[in-house]
Amino acid sequence: MKVITYGTFDLFHIGHLRLLQRLSEMGELTVAVSTDEFNAGKGKKTIIPFEHRIEIVRSIRYVHRAIPEESWEQKIDDVKKYGIDRFVIGEDWAGKFDFLKPYCEVVYLPRTEGISTTELKRSLGVFGSIDKAEVVKALEVLEALKNSLK
Ligand code: C2G
């Protein structure tokens, strides 16, 4: 069984790993990683550049091969080129790739709950939003408190 999936895999996390692990149990796994240019088209700004995202995915033991995803239209060609039997992607895309059904099986899988790149970016953003002056003020208060306890 030859399987393919597509994704950005930005800020690689356990939700991505669980998916690739599960797909590798089905058979030989090809992963197409969205280029930065393709993501711009999706309106997605990535934190990690494409060259790093594809190297990370390529290094995962569950992945047989990693290729660039440069367009929406390449999927049919990829399925033919790599002799793919099954296209799989998270159910957030349910129905969007049914046009592949004449060429291979199409499966939409439940996502891993509680983790997403969007959430990670939001958490990281919290640190970026702390005002420096607030930190300095808090340190001054702590210093004064420490001195008062001497
Ligand atoms: N995923 C998951 N569980 C999560 C987060 C993501 O199973 N908690 C899955 C998604 O459903 C997707 C894959 O991991 O199948 C990659 O997710 P993204 O990097 O967000 O992929 P996306 O940007 O949606 O790109 O042509 C298809 C697109 O390139 C998909």
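This is a walk through a predicted model, from its nonpolar cores to a few strand and loop residues and then to its largest pocket.

Let's begin on the inside. In soluble globular proteins, nonpolar side chains tend to be buried together. Here the largest nonpolar core has 16 residues, and the members that touch the most others are Leu20, Leu23, Leu29, Val31, Val33, Val57 and Val63. Three elements give two or more residues each to this core: helix α1 (14-26), strand β2 (28-34) and helix α3 (50-58). A second core, separate from this one, holds 13 residues, among them Ile67, Ile84, Phe87 and Ile89.

Leu20 is a handy place to look around in the largest core. Setting aside residues up to four places away in sequence, Leu20 touches Thr5, Phe9, Phe12, Leu29, Val31, Ile60, Tyr62 and Val63. Two of these partners, Leu29 and Val31, are also in the list of core members with the most contacts to other members.

Now follow strand β2, and stop at Thr30, which sits in this strand. Thr30 counts as buried because its relative accessibility is 0%, and the limit for buried is under 20%. What does its side chain pair with? A polar contact of 2.6 Å links the side chain of Thr30 with that of Arg65. Beyond its neighbours within four places in sequence, Thr30 is in contact with Val3, Ile4, Thr5, Arg65, Ile67 and Ile84. Of these, Ile67 and Ile84 belong to the second core.

Further along, Val33 is also found in strand β2. With a relative accessible area of 0%, Val33 is buried. Its C-alpha atom is separated by 5.3 Å from that of Gly7, although the two residues are 26 apart along the chain. Not counting residues up to four places away in sequence, Val33 touches Gly7, Thr8, Phe9, Phe50, Arg53, Ile54, Val57, Ile67, Pro68 and Glu69. That list includes Val57, a member of the largest core, and Ile67, a member of the second.

Next comes Ser34, again in strand β2. Is Ser34 buried or exposed? Ser34 counts as buried, since its relative accessibility is 0%. Its side chain makes a polar contact of 2.7 Å with the side chain of Glu69. Leaving out neighbours within four places in sequence, the contacts of Ser34 are Gly7, Thr8, Asn39, Lys42, Phe50, Arg53 and Glu69.

Across from Val33 we meet one of its contacts, Pro68. Pro68 lies in strand β3 (residues 65-69). Pro68 counts as partly exposed because its relative accessibility is 32%. Apart from residues up to four places away in sequence, Pro68 touches Val33, Thr35, Phe50, Ile54 and Gln74. For a sense of scale, Pro68 and Glu25 are 22 Å apart, C-alpha to C-alpha, and 43 residues apart in sequence.

The loop between β1 and α1 deserves a closer look at its backbone. Most residues other than glycine have a negative phi, and most peptide bonds are trans. Phe9, located in this loop, has a positive phi of about 55° although it is not a glycine. Leu11 is in the loop between β1 and α1 as well, and its phi is also positive, near 50°. Both side chains belong to buried residues: Phe9 has a relative accessible area of 5%, and Leu11 has 17%.

Finally, turn to the empty space. The largest pocket contains about 750 Å³. Which of its 34 lining residues are the closest to the centre? They are His16, Lys44, Asp92, Trp93 and Arg111. Among the elements, β1 (2-7), α1, β4 (86-90) and α5 (117-128) each supply at least two residues of the lining. Helix α1 gives the most, with 5 residues. The lining has 10 nonpolar, 13 polar and 11 charged residues.

One last stop is Glu91, in the loop between β4 and β5 (105-109). Glu91 is partly exposed, as its relative accessible area is 42%. Outside its neighbours within four places in sequence, Glu91 is in contact with Tyr108, Leu109, Pro110 and Arg111. The last of these, Arg111, is among the residues closest to the centre of the largest pocket. From Glu91 to Ile56, 35 residues apart along the chain, the C-alpha atoms are separated by 23 Å.

Notes: Residues are numbered from 1 along each chain as its sequence is written. This is a predicted model: local features need pLDDT of at least 70, side-chain atom pairs count only at pLDDT 80 or more; totals for chains, interfaces and linings use all residues. Side-chain values use heavy atoms; hydrogens and water are left out. A nonpolar core is a set of buried Ala, Val, Leu, Ile, Met, Phe, Trp, Tyr and Cys residues joined through side-chain atoms within 4.5 Å. Buried means under 20% relative accessible area, exposed over 50%, partly exposed in between (1.4 Å probe, protein chains only). Helices (H or I, at least four residues) and strands (E, at least two) are DSSP runs, numbered from the N terminus. Contact means heavy atoms within 4.5 Å. On a 1 Å grid over the protein atoms alone, a cavity is a set of points where a 1.4 Å probe fits but cannot get out, and a pocket is an open set with protein on both sides within 12 Å along at least five of seven lines; lining residues have an atom within 4 Å of a point. Grid points are joined across faces, edges and corners, and a volume is the space filled by probe spheres set on the points. Ala, Val, Leu, Ile, Met, Phe, Trp, Tyr, Cys and Pro count as nonpolar, Asp, Glu, Lys and Arg as charged, and the others, Gly among them, as polar. A polar contact is a pair of N or O atoms within 3.5 Å; within protein, one must be able to donate a hydrogen and the other to accept it, and residues adjacent in sequence count only if both atoms are side-chain atoms.
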